[in-house]
Structure formats: structure tokens, C-alpha cells
Amino acid sequence: MSKRSGSPIEPTAPEHNTTRILPSARQKRVRLPCHFQSLSDELVLKVLSFLTTSDLTRCQQVCRRLQRIAGDDQVWRSAFYDRFVRPRASSLPGSGPLPAYSSHPSIWSDNVGLVKTKNIHWKQLYKLRHNWNRGCCGVTEIGISAAHSEPPLSVQMRRGIIFTVDSVTGLQAWRVEGAKNFIARISLQPTPQEGHPMDLRVPTALAVDDYEDAISKDTVNIAIGYETGNFSVHQLSIRSSTIALLHTQRVGTGPKITAMAFSGSYLMTMNSQQDLLLYYFKSGREQSQDTLQIGTPVIITSLGSHTIWPPVSLSLRRSTHGMLACILYTVPTFNLGWSVAIQELQLNLDGNSVQRSRIASAVPQGLHPFISNPTFEAIPPTESSYAIAGGSNLETASHIPPSQPISLSYAHPYLLTANNDNTLTVYLVKSTNESLEIATGQQLFGHTSAVSSAHIGSRGRAVSISARGSELRVWELEGSIPGSRRGRESVKVYPSPPHDSLTTSSHLNLVDPLSLSPLQANWRDSTALDRWLGFDDEKVVVHREKETGSQVLIVYDFS
């Protein structure tokens, strides 16, 4: 129908030359071929070997295949070698250029057992060493007593188990991991069957057997020294979680036992009057249900001294020539400070008598100890490495601590002392069949207050804690060169990692050190008193007494 004439014409929108595209049906996705997925696992593993450890942990989040290949032991073993083995081996004199990877024992040194051992989780091992180097760890607290004990509670750690003893709670065993920390407890008070109301047994020293073989792998022996000069031997059965009394040694009433060392069939004790006794459990070990019986102890030798100074440390270790019993103590020098000395008793191959005794001191050449010949007098030493030459050597004298050391820790060949001047001093003990000597000490700087306790392991790792603020530091002293700064650097430990840390979720986790949980924020307690420090391959344990008198164990977990 046509429009009427004269009617107004409505405006229309200008026409554009555009084409409207109608929605079409859903298009099919085109899958492009992934050439990387077509590679074999061996080729993918070769590609991943060029990545950093951070990239490897990220690759594990892509897909299940990469999670499996990027976590392969071969690539993480190579990463462990590149970061922790080859740098140390390259620094040794005459090492020369090293290959990309080698399992030669001379390169792996003390870690050679890792190459020979099967079923090692190399990524977990890399993560553990990474966290030690960064000072990254988690922290937990184990409450062990609600009140102060006198004498102070004694603590030792062995095989991931912490042993504590005091006059109130007796001997207790604790696990450092897991939801159930407590294992077993036994009272030290004498029973009516024992007869003597003799000693309300007040423990003053604690030692844990450091010897482990196929027979004793399920048991741990513990020796306790008392205020009356007596001692007892207990045994923890790991299988049944019980503690049994094996032996009680009664020698009457005498000076209290202040130090002990326990290894296999040998036990060494020292009392407050500096009398030393070395025992040998003569008869063999016999298995009786969950208890591994020991024989009656026989005294091998008895020594006495009135010239040594505390702190004192006792050590029992095995060598190719038999058992070695070592006594380490401090020595004052004329107007220059303090040094350390060692007396070494070598037993015969049968282990029932002392073959020879010798002493050594770290007193520098040209300086005289305050005591002319500080040693134990019952057995005259056959050798002495004291250097009593004329003149003086002020350069070596500068390494002598000016004040008496607070604590002393020995794990052959390393000897570590904690000092009041915020430093530590590490010595290298060289013991051969021909000679015994102590190298000049090296001072270690890093703490901002006096060091209250320090402990060193046989591989040169040391841990120390300061008297104020609970500043915990880790030292890697293995391979340190005397006179240089190599090996003197330390890492400050944080309860929550301020740096990159390989976490269990397989990726890098950056955490603000100020955003701590109440437990983690409480780990630095300036009013607390740190009485003992120990560590193993994965954890550091600190015995802390709070201002209220309660006793706790602070566990720093680097795994």
C-alpha cells in the first residue's frame, strides 16, 4: 500500500555498508600436536636436567607425567652434587677441574655413604640440606615439666629420641616428631625391695649409649649419675615403649658425678673432685624378651687430677687400634686467657686394660700454661705435645679466649668452645698412632650476645645459641682452612623461613618472618634460660627453662 501524499516522512537512520554476522554453531577445537609430549622419558629427563631446582618444583605442578619425571632421583642427585658436593671438593688442594657428576669417594668425602646407599630420596635430602643452609625451619614446643628442678634437668638425644632425667619426674623418653611425643617414664626413687632408703636419687649427669649394631637396634641404653657418686644403667625398648633398670652401681657415698660418656660395653664417669673411672661391662650381651642384658661393670682404670679446670667433656670412640677414651678440659695461660687440652687413653685390642696415655694442648708455641703439666696423674703420660719453647707468638696468642669458656663440645676431630665475648672457638684435633696434637683455634663471630651453649657434630656442623633473645646459629665448619675465613660464616635460624625454602608442597614458599604464629613468635623469650642444646641430621633441640620455672623442649625441624 502506497503512502498518502502530503503526509510527513519519518526520518530513517542512515544506511551503512555493514554485514551482520550471525552466531554460528560451536566450532570444534583444533588440537595442535605437542611435540614435547611425544618425547621419551629419558629425553624429557635430559631436558629437565638443565633447569634450576626452583623450575623443577614448578614443573611438577604441570601434569602427572612431569611430576613424576621432575621428581626423579637422578636429576635431584645431580643437583645435590652440583650444589653441596662439587664446591667443597673443588676447594681442596690439588683437586683440579671436576666432572659434571662423579661418584668417586674422594669427591664425596664424608657423604660417600649416600652414593653407596640404596633407596635414598634425593629430593628430600636436597631440601633438608637447603633448609639447613638457609636457616629455614618449623618450630614446635614439648612441655616436659611444670616446675623447676634442682639440680637442673639433664637432657640427651639419640636416634631421634630425647631423654630427660630429674629428681621429680625420673627418667623420661620423648619422640621429637609425631603427634604422640611421650614414649615412657621410670621413677628413680628406690623401691622397698632395694633395701637402702639410701639415696633419694638425685641425678646429676646423663649419658646415652652411642653404639648401635644389629642386636641393639631396637634398644637404647641410658646411664644416670647421682649426687651420691653412684650410677645406674637403664634400657629403653623401642618396640614395647618401656624403660627397664639393668644395673645399679653402689660405691658408697662420694662426690657427685658431673660428666659421663657411654659407648657399647664402656662407661666413663667423672665426679666433682676430678676423679675419673672407666668401666667395662665384661660379659657379653644377652637378649631377654624386649630387654638386652648387659654384664657387671669392671673398673679398667681409675685416674685423678687436681689441676684441670671446667668445663670438662668426656668422649669414647672406636679406632682401628681399639677403643679411645678422651678427657677434654680447659687450661689457663699466663696473662693471655684460656686454652684447651686433651688426654687420650688408648685401650688394648681386648679392651680390658689401658695400653698408653698421652696429652696435647692448644697452647701456642712460646706460651706457658698456668699449670705446668695439667693431666690425670694415675697413669703417667708417655707422650706430650706441649710446646714450651722460649719467646712468644702474639699472632697465635690472639686466638686464645680471654675468659674461661662456658661450654665445651667434642666430636672427633672437632673441638668447640663457647665464650663470654660473643664468640666461639673451634679446634682441630689430630690423632694418629704416632702423635696427638691440637691445632691453633679459630674464632667464630656472629652472635650479638654471650653464647650460652654450643654443640658440634663429627662432620663439622655446629649449632650455637645466645644467652639473650635465643639467637640460634648454624655453622658449617667441615673443610675450613686454618688462617682463612672459609667455614667461619654462620646462618641465623628463623622459625619461619624468610628466604626461599623447598616446602613439602613442591614449590617455593616465601613467608614474611614477622607474620609468625603465637608459638613461633614466642620462640625468642629473653627471660628464658637455655640449658642444653643438641641436634641430629634433621632437627635441633633446645632445653629451655621459662621464667615461671616450667621446662620445655623447643624443636627446630629442618625437614
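## Notes on the predicted model

1. Let me start with a side chain at the surface: F182 is partly exposed, with a relative accessible area of 28%. Please keep in mind throughout that this is a predicted model. W174, in contrast, is buried, at a relative accessible area of 7%. The two residues come back in point 4 as ring partners.

2. Now for the overall picture. The protein chain holds nine helices and 34 strands. It has 559 residues, of which 47% count as buried. Taking contacts between residues at least 6 apart in sequence, 53% join residues at least 24 apart.

3. The aromatic rings deserve a look. Eleven aromatic pairs are counted in the model. One of them is F80 with W122, an edge-to-face pair with 5.6 Å from centre to centre and 65° between the planes. This pair ties together distant parts of the chain, since F80 belongs to helix 4 (residues 73-90) and W122 to helix 7 (residues 122-134), with their positions 42 residues apart in sequence. Are these two residues buried or exposed? F80 is buried, because its relative accessible area of 0% falls under the 20% limit. W122 is buried as well, at 6%.

4. Back to the residues of point 1. The planes of W174 and F182 stand at 75° with the ring centres 5.3 Å apart, and therefore this pair is edge-to-face. Here a buried residue, W174, meets a partly exposed one, F182.

5. F80 and W122 also belong to a wider group. Ring pairs join W76, F80, F84, W122 and Y126 into a cluster. One member of this cluster has a charged neighbour: R129 lies over the face of F84, 5.4 Å from the ring centre. A second arginine is placed in a similar way elsewhere, with R461 over the face of W132 at 4.1 Å from the ring centre. Do keep R461 in mind for point 7.

6. Next, a sheet that is easy to trace. Four strands make up an open sheet in the order 10-11-12-15, with antiparallel pairing. Strand 10 (257-263) and strand 15 (297-304) are at the edges; each has a single partner strand, so one side of each lacks a neighbour in the sheet. On average, neighbouring strands here are turned by 15° against each other, direction ignored. How many bridges join strand 12 to strand 15? There are seven, between strand 12 (residues 275-281) and its antiparallel partner. As a landmark on the display, L278 stands opposite T301 in strand 15.

7. Strand 28 has partners in two strands. With strand 27 (residues 461-466) it shares five bridges, and the two run antiparallel. With strand 29 (residues 490-492) it shares three, again antiparallel. R461 finds its bridge partner in strand 28, namely E476, so you can go straight from there to the face of W132, over which R461 lies. On the other pairing, W475 has S490 in strand 29 as its bridge partner. Strand 28 (residues 472-476) is mostly covered, four of its five residues being buried.

8. S466 is a good place to zoom in. The residue lies in strand 27 and is buried, with a relative accessible area of 0%. Its side chain reaches the backbone nitrogen of E471 at 3.0 Å. Leaving aside neighbours within four places in sequence, the contacts of S466 are H447, S449, A450, V451, S452, E471 and D530.

9. N422 leads back to part of that list. Which strands flank the loop that holds N422? They are strand 22 (414-418) and strand 23 (424-431). N422 is partly exposed, with a relative accessible area of 26%. Neighbours within four places in sequence aside, N422 touches L444, H447, T448, S449, A450 and V451. H447 is 25 residues away in sequence and 5.4 Å away in space, C-alpha to C-alpha. A polar atom of the N422 side chain lies 3.0 Å from the backbone nitrogen of A450. A450 is also among the contacts of S466, and it makes a handy point for viewing N422 and S466 together.

Methods: Residues are numbered from 1 along each chain as its sequence is written. This is a predicted model: local features need pLDDT of at least 70, side-chain atom pairs count only at pLDDT 80 or more; totals for chains, interfaces and linings use all residues. Side-chain values use heavy atoms; hydrogens and water are left out. Rings of Phe, Tyr and Trp (its six-membered ring) pair if their centres lie within 6.5 Å; planes under 30 degrees apart count as stacked, over 60 as edge-to-face and the rest as tilted. Buried means under 20% relative accessible area, exposed over 50%, partly exposed in between (1.4 Å probe, protein chains only). A charge sits over a ring if NZ of Lys or CZ of Arg is within 6 Å of the ring centre and within 35 degrees of the ring normal. Two strands pair if DSSP finds at least two bridges between them. Axes are lines fitted to C-alpha atoms, for helices over the stretch in contact, and angles run from 0 to 180 degrees between N-to-C directions. A polar contact is a pair of N or O atoms within 3.5 Å; within protein, one must be able to donate a hydrogen and the other to accept it, and residues adjacent in sequence count only if both atoms are side-chain atoms. Contact means heavy atoms within 4.5 Å.
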